[in-house]
Amino acid sequence: MGRARPHRWGPPGEAAARVREALDWAVAFDGYLDATEAAGAMAAVALIAARLGAPVEDERAREVLAARPFEAGAGLVEHALRAWDRVTAATGSEWHDLWADVGRLPEVLALHEPYRAALAAARDQAV
């Protein structure tokens with residue numbers, strides 16, 4: 001898969017497709033994952049987790065969730081967990097490398113942990 005194009009949430013009826021597309025860039029890309037694509041995937045992870053009950057502190061995220069409903073089904077949850085693993089991997093992810101380089105990776109991972117936990121709980125509940 002090539003480089004990602006600029007991400008837009010699009011019309012309300014396309015929210016699930018747009019969220020999946022953001023995840024696809026992280027999961028399917030086999031080269032060094034740029035921070036831009038990784039950040040888009042992490043935003044999608046957070047939105048999916050929020051649909052599952054994870055806390056949403058960001059005002060923009062609350063606006064997107066309110067204006068663009070989508071179902072966080074089992075397939076989307078699994079895809080989000082794969083994206084999480086890809087973005088946070090110690091190799092091949094600029095997002096990981098940038099946070100590690102400034103010594104803030106543990107803090108950033110802890111801030112994102114509620115999203116991963118919500119996804120994992122939803123996956124485990126579906127099994």
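1. What pattern does the chain follow when read along the sequence? The pattern is α-α-α-α-α-α. This is a predicted model. The chain has six helices and zero strands.

2. Overall figures come next. The chain has 127 residues, and 39% of them are buried. Its accessible surface comes to about 6900 Å². Carbon and sulfur atoms account for 55% of that surface. Take the contacts between residues at least 6 apart in sequence: 64% of them join residues at least 24 apart.

3. Now the interior. The largest nonpolar core has 37 residues. Those with the most contacts inside this core are Leu-23, Val-45, Ile-48, Phe-70, Val-87, Trp-95 and Leu-119. Two or more residues come from each of these elements: helix H1 (15-28), H2, H3, helix H4 (74-88) and H6. H2 gives the most, with 10 residues. As background, nonpolar side chains tend to be buried together in soluble globular proteins.

4. Phe-70 deserves a look of its own. Phe-70 is among the core residues with the most contacts inside the core. Leave aside its neighbours within four places in sequence. Phe-70 is then in contact with Ala-15, Ala-16 and Val-19. Its other partners are Leu-47, Ile-48, Arg-51, Leu-65 and Leu-76. Of these partners, Ile-48 is also listed among the core residues with the most contacts.

5. Ala-15 gives the view from the other side of one of those contacts. This residue is found in helix H1. Is Ala-15 buried or exposed? Ala-15 counts as buried because its relative accessible area is 3%, and the cut-off for buried is under 20%. Beyond four places in sequence, Ala-15 is in contact with Arg-68, Pro-69 and Phe-70. Ala-15 and Leu-65 are 50 residues apart in sequence, yet their C-alpha atoms are 9.1 Å apart in space. Leu-65 is itself a contact of Phe-70.

6. Next, the open space. The largest pocket holds about 450 Å³ of space. Its lining has 20 residues. Nearest its centre lie Ala-43, Ala-46, Asp-58, Ala-61 and Tyr-115. The elements that give two or more residues to this lining are helix H2 (35-51), helix H3 (59-67) and helix H6 (105-126).

7. What is the pocket lining made of, by class? The lining has 16 nonpolar, one polar and three charged residues. Asp-58, one of the residues nearest the centre, belongs to the charged class. H2 gives the most to the lining, with six residues. H2 also gives the most to the largest nonpolar core.

8. Ala-39 is another residue to check in H2. Ala-39 is found in that helix. Its relative accessible area is 39%, so Ala-39 is partly exposed. Where does Ala-39 lie relative to Trp-95? The two are 56 residues apart in sequence, and their C-alpha atoms are 7.2 Å apart in space. Trp-95 is one of the core residues with the most contacts inside the core.

9. Last, a proline within a helix. Pro-114 lies in helix H6. Pro-114 counts as partly exposed because its relative accessibility is 34%; partly exposed runs between the 20% and 50% cut-offs. Not counting residues up to four places away in sequence, Pro-114 touches Ala-54 and Pro-55. The C-alpha atoms of Pro-114 and Val-56 are separated by 10.0 Å. Along the chain, Pro-114 and Val-56 are 58 residues apart.

Note on methods. Residues are numbered from 1 along each chain as its sequence is written. This is a predicted model: local features need pLDDT of at least 70, side-chain atom pairs count only at pLDDT 80 or more; totals for chains, interfaces and linings use all residues. Side-chain values use heavy atoms; hydrogens and water are left out. On a 1 Å grid over the protein atoms alone, a cavity is a set of points where a 1.4 Å probe fits but cannot get out, and a pocket is an open set with protein on both sides within 12 Å along at least five of seven lines; lining residues have an atom within 4 Å of a point. Grid points are joined across faces, edges and corners, and a volume is the space filled by probe spheres set on the points. Helices (H or I, at least four residues) and strands (E, at least two) are DSSP runs, numbered from the N terminus. Buried means under 20% relative accessible area, exposed over 50%, partly exposed in between (1.4 Å probe, protein chains only). Contact means heavy atoms within 4.5 Å. Accessible areas come from the Shrake-Rupley method with a 1.4 Å probe; for residues, only the protein chains shown count as cover. A nonpolar core is a set of buried Ala, Val, Leu, Ile, Met, Phe, Trp, Tyr and Cys residues joined through side-chain atoms within 4.5 Å.
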